[in-house]
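User: I am new to this structure and would love a close look at one part of it. Could you pick a single spot, walk me through it, and then follow the chain outwards to whatever else is worth seeing?

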Amino acid sequence: MSAFMTAIEQLTTSLPQTSEEGDEEPPEPSPCEAIPIVVSSPQTTGRVVRPSKHHAGFLNPTIRTFSRKYFPGATSRLWNDWRWQTTHRIRTLSQLESMISLSEDERLAFTRSPTMLPLGITPYYMSLVSPDDPSQPIRRSVIPTIFETMRGEGEADDPLHEDAQSPVPGLVHRYPDRALLLLLDFCSTYCRYCTRSRMVGHGDIHLSRKRLDRAFEYISNTPSIRDVLLSGGDPLMLGEEKLSWVLSRLRQIPHVEIVRIGTKAPAVLPQRITPQLVRMLRRYHPLFMSLHFTHPDECTPEAYRACTMLADAGIPLGSQTVLLKGINDDVETMRRLMHQLLKMRVRPYYLYQCDPITGSAHFRTPIEKGLEIIRGLRGFTSGYAVPTYVVDAPGGGGKIPLMPDYVAGHEKDALLLHNYEGGLFRYPQSCATGPACPNQGGVY
Ligand code: SF4
């Protein structure tokens, strides 16, 4: 049996069984559920659908059609069970071939040389994949191509030097006051551009008590760490009991002020956001979540419901989006994504320049493209809809924010600035308070 299957079994066997299944009720109706939202799945772009208040069945007709065709035995109850979704993931070439027509570049990824990252797609996310268009953004995010196996110039398996900044296994300590704790290397769906392709899905990182005890000990002995980010892999692939154990151990460390969880579950496995999960999570406030969304087509009624449940539990939600060539590298797509996220009560947080991991050249854009997108958002839409564009410096230098340059120059005592529309404006640099002002002398 492969290490990968072992990992799935360990996760699944640790999950609460039938006694809790009766608790799998839809979330309490919230005022936000009355707001119609735009379903932007590939086949239903622009359609407005109201999520059901009473039934967590099939919210999206496209998904229902897919389910009936490929999983005829799956009742809506099974389909909405995250454990069922996890154990029925699409993992093989033959499964893919039965659902979509593969392009030559996609097929070669299976037949020529193995990709670093395994294949894994939940049935839910697969239902959003175009069966016949290899250039569809959702499809490109999760279906491998031969380009993944080609190492380009400047690419590396661990470009951010996470391994070198890891004082104990599975813990990365790069910044002074925060640490990244990798809980497991399992995700329900594997993103082809994953920064941690070198380890994710390989079955090497488990929720081992011995390893985590060392991580907790390191955090306890490092009082400067006030913020711990749980990641992996996807921490929400753990059952409630295990995740609760991790959170409670962190909460026992007095100087850990906040805990963050990084997850893509609301986008690829929204069924994971259950009432019992949010009940457990809300015990550990202040708790934040960084959600990974890539394209507006991921903002389905199911994702909306998941985010609503998390937000109703008082969890501040931020989004992290990777800038990807041919997927979201234009102003209009990014604006739609940011607007959809805000409607789901998710604050756009970071827009990441794609890291130069091995086999990522087909996903990476020039930096100028990211600046162009920020320039196209700033001023043209709410500031809340504008994420911070960052490059995670290769070599472990950390995130470096990038902004379009709005400074046009200087003129006597004035700074010349462009506004978002390109108009030129002068800001006086001499202080209004007169000679007593400490900034007199042109300090700005
Ligand atoms: S969800 Fe995150 S960790 Fe998992 S494959 Fe995608 S990018 Fe990588």
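Analyst: Let's start at leucine 323, which sits in strand S8, a stretch covering residues 317-323. Please keep in mind that this is a predicted model. Is leucine 323 buried or exposed? Leucine 323 has 22 other C-beta atoms within 10 Å, and a residue counts as buried at 20 or more, so leucine 323 is buried.

Who are its neighbours? Leaving aside residues up to four places away in sequence, leucine 323 touches Asn328, Asp329, Leu351, Tyr352, Gln353, Cys354, Thr365, Lys369 and Gly370. Another residue to look for here is phenylalanine 363: its C-alpha atom is 8.2 Å from that of leucine 323, although 40 residues separate the two along the chain.

Now for a pair of helices. Helix H15 spans residues 331-343 and helix H16 spans residues 367-377. Their axes lie 9 Å apart, and the two helices pack at an angle of about 60°. That angle is why H15 is described as oblique to H16. The crossing of H15 past H16 is right-handed. On the H15 side, the meeting residues are Val331, Met334, Arg335 and Met338, and on the H16 side they are Ile373, Gly376 and Leu377. Sorted by class, this contact of H15 with H16 holds five nonpolar residues, one polar and one charged.

Moving on from H15, you come to a loop that leads to strand S9 (347-353), and arginine 345 lies in this loop. Its backbone deserves a pause: arginine 345 is not a glycine, yet its phi is positive, at about 65°. For background, most residues other than glycine have a negative phi, and most peptide bonds are trans. Arginine 345 has 17 C-beta neighbours inside 10 Å and so counts as partly exposed.

Lysine 412 also has a positive phi, near 50°, and is likewise a residue other than glycine. You will find lysine 412 in the loop between strand S12 (407-411) and strand S13 (414-418). Because lysine 412 has 8 C-beta neighbours inside 10 Å, it counts as exposed.

Next come two peptide bonds to look at. A cis bond joins histidine 285 to proline 286, with omega about 0°. Proline 286 belongs to the loop that runs between helix H13 (275-281) and strand S7 (287-292). Another cis bond links glycine 232 and glycine 233, this time with omega about 15°. Glycine 233 is placed in the loop between strand S5 (227-231) and helix H11 (240-251).

What about the interior? The largest nonpolar core has 90 residues, and those touching the most other members are Ala179, Leu181, Leu183, Tyr190, Val228 and Leu310. Helix H14 (residues 301-312) supplies the largest share of this core, six residues. To see one of those well-connected members, look at leucine 181: apart from residues up to four places away in sequence, it touches Gly170, Leu171, Ala215, Val228, Leu229 and Leu230. As a general tendency, nonpolar side chains in soluble globular proteins are buried together.

For a last stop, try proline 114, in the loop between helix H7 (104-111) and helix H8 (123-126). Proline 114 counts as exposed because it has 12 C-beta neighbours inside 10 Å. Its C-alpha atom and that of isoleucine 146 are separated by 9.0 Å, with the two residues 32 apart along the chain.

Methods:
Residues are numbered from 1 along each chain as its sequence is written. This is a predicted model: local features need pLDDT of at least 70, side-chain atom pairs count only at pLDDT 80 or more; totals for chains, interfaces and linings use all residues. A nonpolar core is a set of buried Ala, Val, Leu, Ile, Met, Phe, Trp, Tyr and Cys residues joined through C-beta atoms within 7 Å. Helices (H or I, at least four residues) and strands (E, at least two) are DSSP runs, numbered from the N terminus. Two residues are in contact if their C-beta atoms, placed from the backbone, lie within 7 Å. Axes are lines fitted to C-alpha atoms, for helices over the stretch in contact, and angles run from 0 to 180 degrees between N-to-C directions. Angles under 35 degrees count as roughly parallel, over 145 as roughly antiparallel, 65 to 115 as roughly perpendicular and the rest as oblique. A crossing is left-handed if the near helix is turned anticlockwise from the far one by less than a right angle, and right-handed if clockwise. Ala, Val, Leu, Ile, Met, Phe, Trp, Tyr, Cys and Pro count as nonpolar, Asp, Glu, Lys and Arg as charged, and the others, Gly among them, as polar.
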